[in-house]
Structure formats: structure tokens, C-alpha cells
Amino acid sequence: MQAHSQSNNIAFAIDGSGESLSMAFFEGELLIDSIFVEKAIHSVRIISTFDALLEKTQLHIFDIETLYVTIGPGRYSSLRVTLSAIKGLFFDFSGLVYCVNTMDLIAANCLHSDCLSVSKKTSKGEIMYYYNTNKIVKRLNNYNKNCQNCNGASDIKNLFRIDKKLFIKCSLSSIVPIY
């Protein structure tokens, strides 16, 4: 756990788009602390995990100035429960909210590569994105057959390895998940 000073650009980030649940607090881009729960039952674990992370970091919900929320693609029930919980916890939130694509987060957890492919099966078929992950995760516009495949888990603690241009400013009331 990193030392931090209260109310100094505290961000909360959450990924509940799949079987696992990942949460983290950041001060600026510096990781304060994170929790990763494999095979979480989101409806049971989300609030208690959030409370445990708040207590562990000695933060309060009112210290949070920015939210980062993954919006998929992912599992329907996991995304629905996660987004509903976040909307409930932060119903009166007036800070910045950014939507993060789960595919970008998966790429951020993979090894450095000139070309990396991330694929995910969804209800609408398979989605595939290509990335350069040498220094920071950037999406590539074209296919390269020599791309290394990445099937890693998405862990929110690596959020700031993603090019900030890929974060989408959004509002909690209008978040539309990608299934």
C-alpha cells in the first residue's frame, strides 16, 4: 500500500466485466492499493470488497474525485451488477467519470509487444482488437498476422498503462455496457 495524502486527486477504478472483480485506488496515476477477486459472485462481493478497500486505504467515498469503469465487452450479468452497484454507490457523484474498454485493460496486462491481439467472444460474435504495448497500450488500426495473442485477465491496477486517448469521458447515468 502506497502512502497518500487525503483529497489529492483520488481515483477509484473497477473492472467487473468478467468472472473476476478488480478494484483499485490511485492518487493521480500512482497505485495506492488494489484488490483482485477471482471467480467473484459480483452481487455478493462488490460492496463488501469496495468497503474493505476503503478501510484498508483509510479513504472515504467522498475523497474520490474520478471514476474509471470498464464497460465491456464482457459477461452480461457481471456488467449489469457492477454498473448498477457503481451507479448506486455514486448516485450523487459530481466528479469525472471515464469508461474503459475491457479489451484495452486485458492488453495492459500482457507483455510488451509490437503487435498484440486480444479477442473476446460476445453474444454478437467474436471481437478482436490489435495493440502495440511497448511503452503504453495503443490500438492498432490494421491487422497483422504476426501479432502475439493475449488471453490474460483484466486487472484494473494496470489501468494507466493504457493510452489516455482510449478513455471515454462519460456520465454514470448514460453508461451503456458492451456485451
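**Exercise 1.** Which residues are exposed on the other side of α1?

*Solution.* This is a predicted model. Start with the buried side of α1. His 42, Ile 46, Thr 49, Phe 50, Leu 53, Leu 54 and Thr 57 are the buried residues. Seen down the axis of α1, they fall within an arc of 135°, so they line one face of the helix. Now turn to the other side. There, Val 44 and Glu 55 are exposed.

**Exercise 2.** Check the length of helix α1 against its number of residues.

*Solution.* Helix α1 covers residues 42-57, which makes 16 residues. Use 1.5 Å a residue; the expected span is 22 Å. Then take the end C-alpha atoms: they are 21 Å apart, which agrees. After α1 comes Gln 58, and its phi is positive, near 60°.

**Exercise 3.** Find what the buried residues of α1 pack against, then place α1 in the largest nonpolar core.

*Solution.* First, the packing partners: β1 (10-15), β2 (21-27), β3 (30-37), β4 (64-70) and α2 (76-89). Next, the core. It has 28 residues, and Phe 12, Phe 25, Ile 64, Leu 67 and Phe 90 touch the most other members. α1 gives this core its largest share, four residues. Last, take Leu 67. Beyond four places away in sequence, its contacts include Phe 12, Ile 86, Phe 90 and Leu 172.

**Exercise 4.** Is Lys 165 buried or exposed?

*Solution.* Locate Lys 165: it sits in the loop between β9 (148-150) and β10 (168-169). Its relative accessibility is 73%. Exposed means over 50%. Therefore Lys 165 counts as exposed.

Key: Residues are numbered from 1 along each chain as its sequence is written. This is a predicted model: local features need pLDDT of at least 70, side-chain atom pairs count only at pLDDT 80 or more; totals for chains, interfaces and linings use all residues. Side-chain values use heavy atoms; hydrogens and water are left out. Helices (H or I, at least four residues) and strands (E, at least two) are DSSP runs, numbered from the N terminus. The expected span of a helix is 1.5 Å times one less than its number of residues. Buried means under 20% relative accessible area, exposed over 50%, partly exposed in between (1.4 Å probe, protein chains only). The arc is that of the directions from the helix axis to the C-beta atoms. Contact means heavy atoms within 4.5 Å. A nonpolar core is a set of buried Ala, Val, Leu, Ile, Met, Phe, Trp, Tyr and Cys residues joined through side-chain atoms within 4.5 Å.
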